[in-house]
Amino acid sequence: MSLPPEDREPGVPMDNSKEDVGGPSCTGDYSKHDMTVCLGNGEVKSCAVVKYSAAPPPTTYALLQEKTDLKLPPANWLRENPQLGSAGTTVLGSSSKSKPFSSFGMAYDFIDCIGDDVDVVSDSENIKKLLKIPYSKSHVSMAVHRVGRTLLLDELDTQELLRRSSQTGDWTWLKEIYQRLIDQKWQRKKKSKEHWYQKAILSKFLYYSINGDGAAEPVTEDMIEEDEENGAEEYSSSWPATFTSAMSEAEEADTPKRENVPVDRNFALGQVTSVPKEQNLPTLFNEGENSQGLRNDFVRNIMWTFEDIHMLVGSNMPIFGGGRYPAVSLRLRDSNKPINILTGIDYWLDNLMCNVPELVMCFHVNGIVQKYEMIKTEDIPHLENSNFSTRVVKDIAQNILSFLKSNCTKEGHTYWLFKASGSDIVKLYDLTTLCEEAEEEKYQNPFTLPVAVLLYRVASNLMLKASQNRKHYGKIRTLLLNCVKLLDPEKHPQIIASAYYMLSELFQLDELPDEDGGESLRAGGSEDSYSDEDREEEGDDDDLTEDGEDMGSYGNRSRPQDDSKAVAVIRSVGELSVPEKYKSTHQIRPSCAFPVSQDKEERCRHVLSYVLKGLKAVDGCIKKESDLPAADPNTPIPLKYEDGGANAASEKGISLLMERAGAGQADQKHPTRSGMIPGSWQHRMKLQLFLKASKAYYVLSDAATNLLKYGRALRYIKLSLQCYDAYCSVSETLHPHLLQFHSQCLSLCGDIQLMLAQNASNRAAYLEEYSYQTKEDQEILHSLHRESSCQDFSMATDLAMDPEYQLFVSCRCYEAAHEMLTTEVLKDQSSDQLSQVLKRLGNIRNEMGVYYMNQAAAMQTEKQVKKSVSAAEQDLWKKSFSFFEKGMKDFEAIRDSTNTALLLCNTGRLMRICAQAHCPACADESRGEFSPDEALYYNKAVDYYLQALRALGSRKSHPAVWDSVNWELSTTYFTLATLLQDYAPLSRKAQEQIEREVTDAMMKSLKYCDLQTESARQPLYQYRAATIHHRLASMYHSCFRNQVGDEHLRKQHRSLAELHYSKAVSLFLSLKDAPCELLRTLLERVAFTEFTMTGQSSSVAKLKSLIGAMEIMSETRHAFQLIQKELLEEQEEQTEPSAAESADSPDRVGGSTSGLDLQEVLKLIGVFEPSFSFLLLQVIKLMTTTKRKPSNKDEDMLKNYKAVYSKLLRAEKDAPLLSRVELYIELLQQLTP
């Protein structure tokens, strides 16, 4: 309610022109319809929406009879009545009983609106006082605080505060600042009895208006004085000396549930998106906050939009029903004192804020009711003696808001807007800066904690939205950094720890920000505010001001030196009436934008720095019940290193690992190692911080693994598991999502140990990476050691030097992860993760199987003399086979046919190694006959390869693996056939049986030679197929030579030998890189032809056979051409210095750099020359001794043969190899038709 007219200052004359007014009707207090006042040359838009109301629906006011004496109290006077709200219990009867923290109470209740949606939060009386500044000579004193884009305005009644300071010593800091800056000779101004008299009759009038028929009782002067003192006492006691938080575990007192409040005011610390609800920390404040001025005591809270200004206002104005509209406001006026402009603005603004369309005025003379008059709200600006322009009021509002937003730039600072009584100058002081300059305890700012709590609550509320809209991250960071800067760590560790935890939550560790997300984060800072931390980083710039012309100081002429303390000054209140005089054109630094980094390590380091600060805040307030040895944060904690195999010590570590993988622990009833009580806020906060640190180190380890920095990765996963170990030490239960995370940590640890085992050559570099530690890591470790020894996972995270031990540890980590995921708690929740762990488990078992298989192969190679199989070898086989078998089961469990086939393939290889180990040796150390054990293991290998092919199904499923298995199967059959052929077990089997087995094995090997598919192995397949045909041809050749009696069988062998010789030659010709094999095959084929000739008696038949042999011999020209090419390449290389040096190297024996076997070439030439010479001689003899008259063609052929034979006989036997080869090419070319 407004003050009586006698207390008003005469107004400043403004626009008095009469304007046509019209506007729509409005419903009432409980409606949410907009109210718009339309003016003739424009319009002032006003919209009021009731967010909360404690008053019942408005009842019709009682029309008092004429001559009613308001000096007599009604029967219901001073009885609590919800219709009147707080006006019903005191003779003060108005909302002037404000508190310095009233806006904070509203902000807490409507936290969703703070920071962005609302420009101003304040008591309606403060709003009215600001908008009347150009019209009034009275003083203005308000505290201003900024939260994001929102300004919180509270009355700073210096008279009452200084009076209290004189009585109790509280608020001394304000008194000294006031005396230093404003008035050195401050004296309390007592309010007159007339003031309290007017208050009393207003209160009685309102009570009369409720029921109207109450019995009147005489009121004495003593009663009035008593009420006055009670009111003043109650008023003064509402101002707290300082605002402190009792950090107890008590629940906050129950308060009425407010409508449309999006976030409960009892928001708990740590209640953020990633924290389970059961882990919420206790509320920030207990009932003490309500007793210290933070309760929202207004009858109604209204979201008022005045033009483009959005305000959350609190109002206690009584609203009644009756009249032409559902809602009216009642006013009491002395008929002898006309309404002035200040009263008119008061009435108009009250009705606009509360959406009341009509004013009912009751006139009295000396307390005696005279008459009633009804006035529409839109008519109030045009009342006689109270004429004002609504457009000017709108300009005043916009200018004041722009002025405050331009100059109140620092979140967390308390600004003081002051205008002395009778002065036209408005000054803005930064009380926080003035307090800091004093650096004395008595200058503590009582607004500090409410501001910090509000910053925290706004950040908490935005945190809940952050999952949907990441653009809030920059604002949250700014709010929280300003919050922790305001607080004393010793007094408010809970808020600080929670704030640092939320700061750590801002950094997404699981994914990189996408382009859009990154942009939104960079632009996501608070639009008009920033933290002092950001400002300090930019330099010591001057405070931001509105514009250049208003940067100067303007002050009272009597004390010009004091103006230097003001942040900003309004020269004259008249400026506020000039449209757009003050514009928010200032450039706010964008430094509060969220620091987006594409580097995972940098983001994790941000997280860990905040976690460490949070842990320090928690540790600083824990009373230790047991003395722990003091730890020096500058002394690194030694990382244990122990080199050893898989022995009893490691088994003990494994048992600890598996125990820690359990589903939970028994509830703790006793304090933790550091003295924390389970269930306390310290306990819950430490759990969250430990877990956050563990996740950050996990991400760091994963990133280091991707960079192949395995030593660093092992160090980080060690720290992650140490954090998790500390978490388990203080946790009452382990939730499923924590067990899943622990399984991920163990899986990653297994990955790292496997990589270390496979990269043993870089072990020195890995050890150096592993041993390094930052100071931050050391301090986090010291905090962890307050709760746990952190040694439960040391076995899994130590850097060993033995590859076998590292593989063993890796396998154990995967086994522990698998066991955890298969517990009852996680069985149905982690199918994807279980598949990954099973795949890793199958892989590590394959690695260990291969490791032991290679050990066995190496042991076999190192044997000097072929002996029987040793027990050590057999033990290695068993280990290898066991791991392969387990690995296959793991892959089969997840239906991974490809990896199952690979393990079957490796098992086949193991069987081949076993077969090689069973190779018999004779007394002279030569190779013995092919043994049954060899055959057994080779056949087992074949079975495993066939199983692998069946597992794959077809080549389409995985071509590379299919080709690999196909090749190994072909190789096994080929090796089996070769050994059977070369070392035939004639002591046990008949020649015919061996030949059948060799043929069968060779044909099967040939079956799996893929000659059609183009691949890297195609030449190998061609070479093998050619070799198989060559060997089969040689075998049938031998059978043909040795077979006696069965002519049919001999013919069959002869035809098979010719068939395989022709196929072998065809394949060797296509290879282009097997000249020796081609030459040997052709020479054997020539010999085969010569042998068939021996059984012929006819000269014509013999000549025909000899000419056929000569044609085969002429094909050797291709082989000699390939040999010539390679010899020439070798000769060219030897002409170079480097080639010459390598040729003289003692390591080079009878070979060539091109890979040609010169010894083999010389050996084959030694066979070629006699055979060639013999054929030529026999052909010449037969052609010259023939009885048939030779044709011209035959004569030419004979002549050619004689010439070639002559050259061959005259050739020098000691000529260089290249010359001899060139001669053979020339002679063979000469024979070619």
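This report covers the overall make-up of a predicted model, then two helix pairs, a strand pair and three loop residues.

**Overall make-up**

The protein has 1233 residues, and 56% of them count as buried. Its secondary structure comprises 39 helices and 16 strands. Contacts reach far along the sequence. Taking those with a separation of 6 or more, 78% join residues 24 or more positions apart.

**Helices H12 and H13**

Helix H12 spans residues 473-486, and helix H13 spans residues 493-505. The two pack at an angle of about 155 degrees. Their axes lie 10 Å apart. Because angles over 145 degrees count as roughly antiparallel, H12 is roughly antiparallel to H13. The crossing of H12 past H13 is left-handed.

Which residues of H12 and H13 make the contact? H12 supplies Arg477, Leu480, Leu481, Cys483 and Val484. H13 answers with Ile495, Ile496, Ala499, Tyr500, Met502 and Leu503. By class, ten of the contact residues are nonpolar, one is charged and none is polar. Arg477 of H12 is one of the contact residues, and arginine belongs to the charged class.

**Helices H37 and H39**

A second pair sits further along the chain, with H37 at residues 1158-1185 and H39 at residues 1217-1231. Here the packing angle is about 35 degrees, and the axes are 12 Å apart. This crossing, too, is left-handed.

From H37, the contact takes in Leu1158, Val1161, Leu1162, Ile1165, Phe1168, Glu1169, Phe1172 and Leu1176. They meet Leu1217, Arg1220, Val1221, Tyr1224, Leu1227, Leu1228 and Leu1231 of H39. The contact of H37 with H39 counts 13 nonpolar residues, two charged and no polar ones. Glu1169 of H37 and Arg1220 of H39 are among the residues that meet; glutamate and arginine both fall in the charged class.

**Strands E9 and E10**

Strand E9 runs over residues 328-334 and pairs with E10 in the parallel sense. Seven bridges link the two strands. Within the pairing, Leu330 stands opposite Val360 of E10.

Is strand E10 mostly covered or mostly open? E10, at residues 358-365, is mostly covered, with seven of its eight residues buried. In a regular strand, side chains alternate between the two faces of the sheet.

**Three loop residues**

Three residues sit in loops between named elements. The table gives their places.

| Residue | Element before the loop | Element after the loop |
|---|---|---|
| Glu307 | strand E6 (300-306) | strand E7 (309-315) |
| Glu732 | helix H19 (710-730) | helix H20 (736-758) |
| Lys1072 | helix H32 (1047-1071) | helix H33 (1075-1094) |

Glu307 is not a glycine, yet its phi is positive, at about 55 degrees. Its relative accessibility is 22%, so Glu307 counts as partly exposed.

Lys1072 also has a positive phi without being glycine, with a value near 70 degrees. Is Lys1072 buried or exposed? Lys1072 counts as exposed, because its relative accessibility is 58% and the exposed class begins over 50%.

Glu732 has a relative accessibility of 27%, so it counts as partly exposed. How far apart are Glu732 and Gly679 in space? Their C-alpha atoms are 9.0 Å apart, although 53 residues separate Glu732 from Gly679 in sequence.

Key:
Residues are numbered from 1 along each chain as its sequence is written. This is a predicted model: local features need pLDDT of at least 70, side-chain atom pairs count only at pLDDT 80 or more; totals for chains, interfaces and linings use all residues. Side-chain values use heavy atoms; hydrogens and water are left out. Axes are lines fitted to C-alpha atoms, for helices over the stretch in contact, and angles run from 0 to 180 degrees between N-to-C directions. Helices (H or I, at least four residues) and strands (E, at least two) are DSSP runs, numbered from the N terminus. Angles under 35 degrees count as roughly parallel, over 145 as roughly antiparallel, 65 to 115 as roughly perpendicular and the rest as oblique. A crossing is left-handed if the near helix is turned anticlockwise from the far one by less than a right angle, and right-handed if clockwise. Contact means heavy atoms within 4.5 Å. Buried means under 20% relative accessible area, exposed over 50%, partly exposed in between (1.4 Å probe, protein chains only). Two strands pair if DSSP finds at least two bridges between them.
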